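Here's a quick tour for anyone meeting this structure for the first time. Have a look at it below, then read on for the main points.

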Amino acid sequence: MRALCLHELGGAFRVDSLPDPRPGSGEVLVDIAFVSVNPLDIWVSQGNIGAAAAQLPWVPGTEATGFLDSRPVFVRGNGIGVTRPGLASHYAAVPAATVMEVPDGLDLALAAALGTAGTTAWNAVHTKAGVTSGDRVVVLGASGG
């Protein structure tokens, strides 16, 4: 399979051919369609946090959408892309608990970006600011948490 790989901390990513992953106990194999890019991915690739330094070449990607048994799914959590290889590949063996079905009609490209960015936006606008459906909000930037 093809995967985005980092061969040295702080270096450039390149596309490599890697063996297809094999799911272990409690894992499933997801056919990846879209991977989001978050500041967290950059921090891990620079060695600031996570396990990239000990697991080079490193595959980044903490959130993605794809298919499990032909169903559209979103994948995130359990150290994916931080303490264990990420999702920037054709296939990923991930813990079954990290997989959530994507609702019908939701575009997979958009769904891939909803995890960290969507949760951060929701917390800022709804939880912290108390914005309701009757309010209007101007967003001046949307480039990370």
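**Getting your bearings**

Leu110 sits out in the open: its relative accessible area is 55%, and anything over 50% counts as exposed, so Leu110 gets that label. Keep in mind that this is a predicted model. From Leu110 we can step back to the whole chain, then move on to a residue at the other end of the scale and a pocket.

**Leu110 and its surroundings**

- If you want to find Leu110, look in helix H2, which covers residues 108-112.
- How far apart are Leu110 and Val75 in sequence and in space? They are separated by 35 residues along the chain, and their C-alpha atoms are 13 Å apart.

**The chain as a whole**

- The protein chain has 3 helices and 7 strands.
- Going along the sequence, these elements come in the order β-β-β-α-β-β-β-β-α-α.
- With a radius of gyration of 16 Å, close to the 15 Å that the globule rule gives for 145 residues, the protein chain is as compact as a globular protein of that length.
- The C-alpha trace spans about 50 × 35 × 25 Å along its principal axes.
- Of the 145 residues in the protein chain, 32% are buried.
- Take the contacts in the protein chain with a separation of 6 or more: 67% of them link residues 24 or more positions apart.
- As for the outside, the accessible surface of the protein chain is about 8500 Å², and carbon and sulfur atoms account for 56% of that.

**Thr62, tucked away**

- Is Thr62 buried or exposed? Its relative accessible area is just 6%, and the cut-off for buried is under 20%, so Thr62 counts as buried.
- You'll find Thr62 in the loop that runs between helix H1 (39-45) and strand S4 (63-68).
- Leaving aside residues up to four places away in sequence, Thr62 touches a whole list of others, including Asn38, Leu40 and Asp41.
- Val75, the residue paired with Leu110 in the distance above, is also one of the residues that Thr62 touches.
- Further contacts of Thr62 include Arg76, Gly77, Ile80, Gly81, Val82 and Leu87.

**A pocket to look at**

- The second largest pocket has a volume of about 220 Å³.
- Which residues lie nearest the centre of this pocket? They are Met1, Pro21, Val59, Pro85 and Gly86, out of 15 residues that line the second largest pocket.
- Sorted by class, that lining has 12 nonpolar, 2 polar and 1 charged residues.

Terms used: Residues are numbered from 1 along each chain as its sequence is written. This is a predicted model: local features need pLDDT of at least 70, side-chain atom pairs count only at pLDDT 80 or more; totals for chains, interfaces and linings use all residues. Side-chain values use heavy atoms; hydrogens and water are left out. On a 1 Å grid over the protein atoms alone, a cavity is a set of points where a 1.4 Å probe fits but cannot get out, and a pocket is an open set with protein on both sides within 12 Å along at least five of seven lines; lining residues have an atom within 4 Å of a point. Grid points are joined across faces, edges and corners, and a volume is the space filled by probe spheres set on the points. Ala, Val, Leu, Ile, Met, Phe, Trp, Tyr, Cys and Pro count as nonpolar, Asp, Glu, Lys and Arg as charged, and the others, Gly among them, as polar. Helices (H or I, at least four residues) and strands (E, at least two) are DSSP runs, numbered from the N terminus. The radius of gyration is taken over C-alpha atoms; the globule rule is 2.2 Å times the number of residues to the power 0.38. Buried means under 20% relative accessible area, exposed over 50%, partly exposed in between (1.4 Å probe, protein chains only). Contact means heavy atoms within 4.5 Å. Accessible areas come from the Shrake-Rupley method with a 1.4 Å probe; for residues, only the protein chains shown count as cover.
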